[in-house]
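The following exchange examines how several structural labels are justified. Each answer sets a value against the criterion behind the term.

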Amino acid sequence: MYRTFRNQEDKIDDKILIKGEDYNHIKNSLRLSKGSLIHQVIGDTIFVTEIEEITSNEIICKIIDEDSIQYESPLNITLYQCILKSDKNEYIIQKATELGVNKIIFVETERTVVKLDDKKWNKKKDRFEKIALESSKQSKRTVIPEIEGLIKINEIKNTSNCLNLVFYENEKESFKSFLYNSKNKDINIFIGPEGGLSEDNIQDLSSKGFKSVSLGNRILRADTAPICALSIIQYELGDIE
């Protein structure tokens, strides 16, 4: 069932109005018609709606039920991701959204290959937000992950009340054994760039409450590591069963 994210002002009594990009997609691409069902998310509520009428600029849907299934993980996960080359960032946003991440903050280090000025970053951020939105629809999320950045590694704030993990190729302590003893539902994970993290980076993150852990003896690519880490976290502490 197609899913949209609407604002409170789109809901009028037992009706929800669809306009803009969703209107064009539903009418011209999906070619849905009167009687078709659509999931519509407003805040924390998922409404099951039925198309009543399609006009020249809006779709009028009637609310027929609410979906009570819990689609969100009990975990609150922030991914600090060093920005990567080409379309790897888009891939990470898509998969991290499917795996229940709540926020993605892009970071620069001295070993980051990609260097962006404010204009280029803002253009990318717009694109990244659209990918997060579409991935949220596809994966039946009720929360669209926030996209933030671009920040320097020394701008990361101290969050000592969270479970903070940085994955480092030279670390010996097992991620799995460390995670097994944790009960914290607020989790921050840090993934380095293609060139890896320096010892100075690790010391800087350690001073802000991050614990250095290993994902094993094999070296994972910078776009593989976040997917691996998020999958393990959701399996051990979240809602992957």
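Q: What makes strand S4 and strand S5 a pair, and in which sense do they run?
A: In this predicted model, S4 (residues 37-42) and S5 (residues 45-54) are joined by six bridges in the antiparallel sense. Pairing requires at least two bridges, so the term applies to S4 and S5 with their six bridges. Within the pair, Gln 40 has Phe 47 of S5 as its bridge partner. The hairpin of S4 and S5 has two residues between the strands, and Gly 43 there adopts a positive phi near 65 degrees.

Q: How do you know that S5 also pairs with strand S6?
A: Seven bridges link S5 to S6 (residues 59-66), again antiparallel. Because at least two bridges are needed, S5 and S6 with seven count as paired. One opposed couple is Glu 53 and Ile 60 of S6. Four residues form the connection in the hairpin from S5 to S6.

Q: Why is strand S7 described as largely enclosed by the rest of the structure?
A: A residue is buried if its relative accessible area is under 20%. In S7 (residues 76-82), six of the seven residues are buried, so the strand is largely enclosed.

Q: Which strands pair with S7, and over how many bridges?
A: S7 runs parallel to strand S11 (residues 186-191), with six bridges between them, and parallel to strand S8 (residues 103-108), with five bridges. Towards S11, Ile 77 is matched with Ile 187. Towards S8, Thr 78 has Lys 103 as its bridge partner, and Gln 81 stands opposite Phe 106. The chain passes from S7 through helix H2 to S8 in a right-handed β-α-β crossover.

Q: What makes strand S9 and strand S12 the edge strands of their sheet?
A: The six strands of this open sheet follow the order S9-S8-S7-S11-S10-S12, with parallel pairing. S9 (146-152) and S12 (211-213) each pair on one side only, and they are the edge strands. On average, neighbouring strands of the sheet are turned by 25 degrees against each other, direction ignored.

Q: Why are helices H2 and H6 called roughly parallel?
A: The axes of H2 (residues 88-98) and H6 (residues 225-236) cross at roughly 10 degrees and come within 10 Å. Angles under 35 degrees count as roughly parallel, and H2 and H6 therefore receive that description. Tyr 91, Ile 92, Lys 95 and Ala 96 of H2 make the contact with Pro 226, Ile 227 and Leu 230 of H6. By class, these contact residues comprise six nonpolar, no polar and one charged.

Q: Why does Arg 31 count as exposed?
A: The cut-off for exposed is over 50% relative accessible area. Arg 31 has 65% relative accessibility and therefore counts as exposed. Arg 31 lies in the loop between helix H1 (20-29) and S4.

Q: How do you know that Ser 86 is exposed?
A: The relative accessible area of Ser 86 is 55%, so Ser 86 is exposed by the limit of over 50%. Ser 86 belongs to the loop between S7 and H2.

Q: What makes the backbone of Arg 31, Ser 86 and the Gly 149 to Leu 150 bond worth noting?
A: Most residues other than glycine have a negative phi, and most peptide bonds are trans. Arg 31 has a positive phi near 55 degrees, and Ser 86 has a positive phi of about 50 degrees. The bond between Gly 149 and Leu 150 is cis, with omega about -10 degrees; Leu 150 is in strand S9.

Technical notes
Residues are numbered from 1 along each chain as its sequence is written. This is a predicted model: local features need pLDDT of at least 70, side-chain atom pairs count only at pLDDT 80 or more; totals for chains, interfaces and linings use all residues. Side-chain values use heavy atoms; hydrogens and water are left out. Axes are lines fitted to C-alpha atoms, for helices over the stretch in contact, and angles run from 0 to 180 degrees between N-to-C directions. Angles under 35 degrees count as roughly parallel, over 145 as roughly antiparallel, 65 to 115 as roughly perpendicular and the rest as oblique. Contact means heavy atoms within 4.5 Å. Ala, Val, Leu, Ile, Met, Phe, Trp, Tyr, Cys and Pro count as nonpolar, Asp, Glu, Lys and Arg as charged, and the others, Gly among them, as polar. Buried means under 20% relative accessible area, exposed over 50%, partly exposed in between (1.4 Å probe, protein chains only). A crossover is right-handed if, with the strands pointing away from the viewer, the path from the first strand over the helix to the second runs clockwise.
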